[in-house]
Amino acid sequence: RIFGGLVITAGAALMSWALHYFRSWRFRAQLEAGHELATGGPFHYVRHPIYLGMNCLAVGTAIWVPTLTTWIGAVLMVLGGDLRGRVEEVLLRQVFGAAYTEYCARTQRFLPGVY
(Lines give C-alpha, C1' and ligand atoms only; values in the text may rest on other atoms or scores of the structure.)
Protein backbone atom coordinates (compact mmCIF):
# COMPACT_ATOMS: atom_id res chain seq x y z
CA ARG A 1 0.00 0.00 0.00
CA ILE A 2 2.81 2.41 0.77
CA PHE A 3 4.44 1.85 -2.61
CA GLY A 4 1.09 2.29 -4.38
CA GLY A 5 0.56 5.55 -2.50
CA LEU A 6 4.01 6.76 -3.54
CA VAL A 7 3.28 5.97 -7.20
CA ILE A 8 -0.03 7.82 -6.97
CA THR A 9 1.68 10.81 -5.33
CA ALA A 10 4.40 10.86 -7.99
CA GLY A 11 1.78 10.75 -10.74
CA ALA A 12 -0.23 13.59 -9.20
CA ALA A 13 2.92 15.70 -8.75
CA LEU A 14 4.01 15.10 -12.35
CA MET A 15 0.58 16.00 -13.70
CA SER A 16 0.46 19.15 -11.57
CA TRP A 17 3.91 20.21 -12.79
CA ALA A 18 3.01 19.53 -16.42
CA LEU A 19 -0.33 21.35 -16.21
CA HIS A 20 1.31 24.32 -14.50
CA TYR A 21 4.04 24.46 -17.15
CA PHE A 22 1.76 23.79 -20.14
CA ARG A 23 -1.49 25.63 -19.53
CA SER A 24 -3.19 24.80 -22.83
CA TRP A 25 -3.88 21.09 -22.29
CA ARG A 26 -7.13 20.00 -23.96
CA PHE A 27 -9.15 16.81 -23.90
CA ARG A 28 -9.02 16.54 -27.70
CA ALA A 29 -5.76 16.58 -29.63
CA GLN A 30 -5.98 19.98 -31.29
CA LEU A 31 -3.81 23.05 -31.66
CA GLU A 32 -4.97 26.62 -31.41
CA ALA A 33 -3.48 29.75 -33.00
CA GLY A 34 -0.23 30.71 -31.32
CA HIS A 35 0.31 27.19 -29.92
CA GLU A 36 3.95 26.65 -28.96
CA LEU A 37 5.84 23.40 -28.72
CA ALA A 38 6.45 22.62 -25.04
CA THR A 39 9.96 21.23 -24.53
CA GLY A 40 10.86 22.53 -21.06
CA GLY A 41 9.78 21.64 -17.55
CA PRO A 42 8.57 18.03 -17.40
CA PHE A 43 8.46 17.96 -21.22
CA HIS A 44 12.26 18.07 -21.13
CA TYR A 45 12.23 14.53 -19.71
CA VAL A 46 9.25 12.89 -21.47
CA ARG A 47 7.02 13.90 -24.37
CA HIS A 48 3.77 13.07 -22.55
CA PRO A 49 4.12 13.83 -18.83
CA ILE A 50 0.37 14.29 -18.30
CA TYR A 51 -0.39 10.83 -19.67
CA LEU A 52 2.51 9.40 -17.70
CA GLY A 53 1.05 10.98 -14.56
CA MET A 54 -2.37 9.52 -15.33
CA ASN A 55 -0.75 6.12 -15.86
CA CYS A 56 0.98 6.43 -12.48
CA LEU A 57 -2.38 7.16 -10.85
CA ALA A 58 -3.88 4.04 -12.43
CA VAL A 59 -0.94 1.75 -11.71
CA GLY A 60 -0.56 3.13 -8.19
CA THR A 61 -4.23 2.42 -7.57
CA ALA A 62 -3.80 -1.14 -8.84
CA ILE A 63 -0.83 -1.61 -6.50
CA TRP A 64 -2.78 -0.10 -3.58
CA VAL A 65 -5.94 -2.14 -4.29
CA PRO A 66 -4.66 -5.20 -6.19
CA THR A 67 -7.81 -6.60 -7.74
CA LEU A 68 -8.34 -7.92 -11.22
CA THR A 69 -10.59 -4.96 -11.97
CA THR A 70 -8.03 -2.33 -10.96
CA TRP A 71 -5.26 -4.08 -12.89
CA ILE A 72 -7.41 -4.33 -16.01
CA GLY A 73 -8.23 -0.64 -15.64
CA ALA A 74 -4.55 0.23 -15.24
CA VAL A 75 -3.56 -1.75 -18.32
CA LEU A 76 -6.33 -0.09 -20.36
CA MET A 77 -5.22 3.33 -19.09
CA VAL A 78 -1.62 2.69 -20.13
CA LEU A 79 -2.67 1.42 -23.57
CA GLY A 80 -5.07 4.34 -24.05
CA GLY A 81 -2.40 6.86 -23.06
CA ASP A 82 0.05 5.32 -25.50
CA LEU A 83 -2.46 5.43 -28.35
CA ARG A 84 -3.45 9.03 -27.60
CA GLY A 85 0.21 10.05 -27.37
CA ARG A 86 0.88 8.53 -30.79
CA VAL A 87 -2.10 10.38 -32.32
CA GLU A 88 -0.91 13.67 -30.86
CA GLU A 89 2.60 13.06 -32.16
CA VAL A 90 1.31 12.80 -35.73
CA LEU A 91 -0.44 16.16 -35.34
CA LEU A 92 2.58 17.79 -33.68
CA ARG A 93 4.91 16.48 -36.37
CA GLN A 94 2.66 17.95 -39.07
CA VAL A 95 2.55 21.36 -37.39
CA PHE A 96 6.08 21.71 -36.00
CA GLY A 97 7.98 19.60 -38.56
CA ALA A 98 11.72 19.34 -38.02
CA ALA A 99 11.57 20.99 -34.58
CA TYR A 100 9.27 18.23 -33.33
CA THR A 101 11.30 15.49 -35.01
CA GLU A 102 14.44 16.77 -33.26
CA TYR A 103 12.56 16.93 -29.94
CA CYS A 104 11.43 13.31 -30.39
CA ALA A 105 15.00 12.23 -31.13
CA ARG A 106 16.21 13.50 -27.74
CA THR A 107 13.12 12.85 -25.57
CA GLN A 108 11.41 9.52 -24.86
CA ARG A 109 7.63 9.16 -25.13
CA PHE A 110 6.96 8.02 -21.53
CA LEU A 111 10.00 6.66 -19.68
CA PRO A 112 13.35 8.45 -19.89
CA GLY A 113 15.95 6.18 -21.46
CA VAL A 114 13.43 3.38 -22.03
CA TYR A 115 10.32 4.28 -24.06
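Which element gives the most to the lining of the largest pocket? Helix α2 does, with four residues. Here is a set of close-up views to go with the predicted model.

**Figure 1. The chain in overview: a predicted model with four helices and zero strands.** If you trace the chain along its sequence, you will meet the pattern α-α-α-α. The chain has 115 residues, and 34% of them are buried. Helix α1 covers residues 2-21 and α2 covers 49-64, while α3 takes in residues 68-96.

**Figure 2. The largest pocket, a space of about 180 Å³.** Its lining is made up of Val7, Leu52, Asn55, Cys56, Val59, Val78, Asp82, Phe110, Leu111 and Tyr115. Two elements, α2 and α3, each give two or more residues to this lining. The most comes from α2, which gives four. Keep an eye on Phe110 and Tyr115 in this view, as both line the pocket and both return in Figure 4 as ring partners.

**Figure 3. Tyr21 and Phe43, a tilted aromatic pair.** A search of the whole structure turns up four aromatic pairs, and this is one of them: the ring centres of Tyr21 and Phe43 lie 6.1 Å from each other, with 40 degrees between the planes. The two partners are 22 residues apart, so to speak from distant parts of the chain: Tyr21 belongs to helix α1, whereas Phe43 sits in the loop between α1 and α2. Tyr21 counts as partly exposed because its relative accessibility is 39%. Phe43 has a relative accessible area of just 7%, so this residue is buried.

**Figure 4. Phe110 and Tyr115, a stacked aromatic pair.** Here the ring centres are 6.1 Å apart and the planes meet at 20 degrees, which is why the pair is called stacked; the cut-off for stacking is under 30 degrees. Is Phe110 buried or exposed? With a relative accessibility of 6%, Phe110 counts as buried. Tyr115, at 33%, is partly exposed.

**Figure 5. A nonpolar patch on the surface.** Five side chains are worth finding here: Leu68, Ile72, Val75, Leu76 and Leu79. Together, these residues have about 510 Å² of accessible area. Leu76 makes a handy landmark, and you will find this residue in helix α3. Why does Leu76 count as exposed? Its relative accessibility is 56%, and the cut-off for exposed is over 50%.

Note on methods. Residues are numbered from 1 along each chain as its sequence is written. This is a predicted model: local features need pLDDT of at least 70, side-chain atom pairs count only at pLDDT 80 or more; totals for chains, interfaces and linings use all residues. Side-chain values use heavy atoms; hydrogens and water are left out. Patches are made of residues with over 30% relative accessible area and no salt bridge: like charges are joined within 9 Å, nonpolar side chains (Val, Leu, Ile, Met, Phe, Trp, Tyr) within 5 Å. Accessible areas come from the Shrake-Rupley method with a 1.4 Å probe; for residues, only the protein chains shown count as cover. A salt bridge is a side-chain nitrogen of Lys or Arg within 4 Å of a carboxyl oxygen of Asp or Glu. Buried means under 20% relative accessible area, exposed over 50%, partly exposed in between (1.4 Å probe, protein chains only). Rings of Phe, Tyr and Trp (its six-membered ring) pair if their centres lie within 6.5 Å; planes under 30 degrees apart count as stacked, over 60 as edge-to-face and the rest as tilted. On a 1 Å grid over the protein atoms alone, a cavity is a set of points where a 1.4 Å probe fits but cannot get out, and a pocket is an open set with protein on both sides within 12 Å along at least five of seven lines; lining residues have an atom within 4 Å of a point. Grid points are joined across faces, edges and corners, and a volume is the space filled by probe spheres set on the points.
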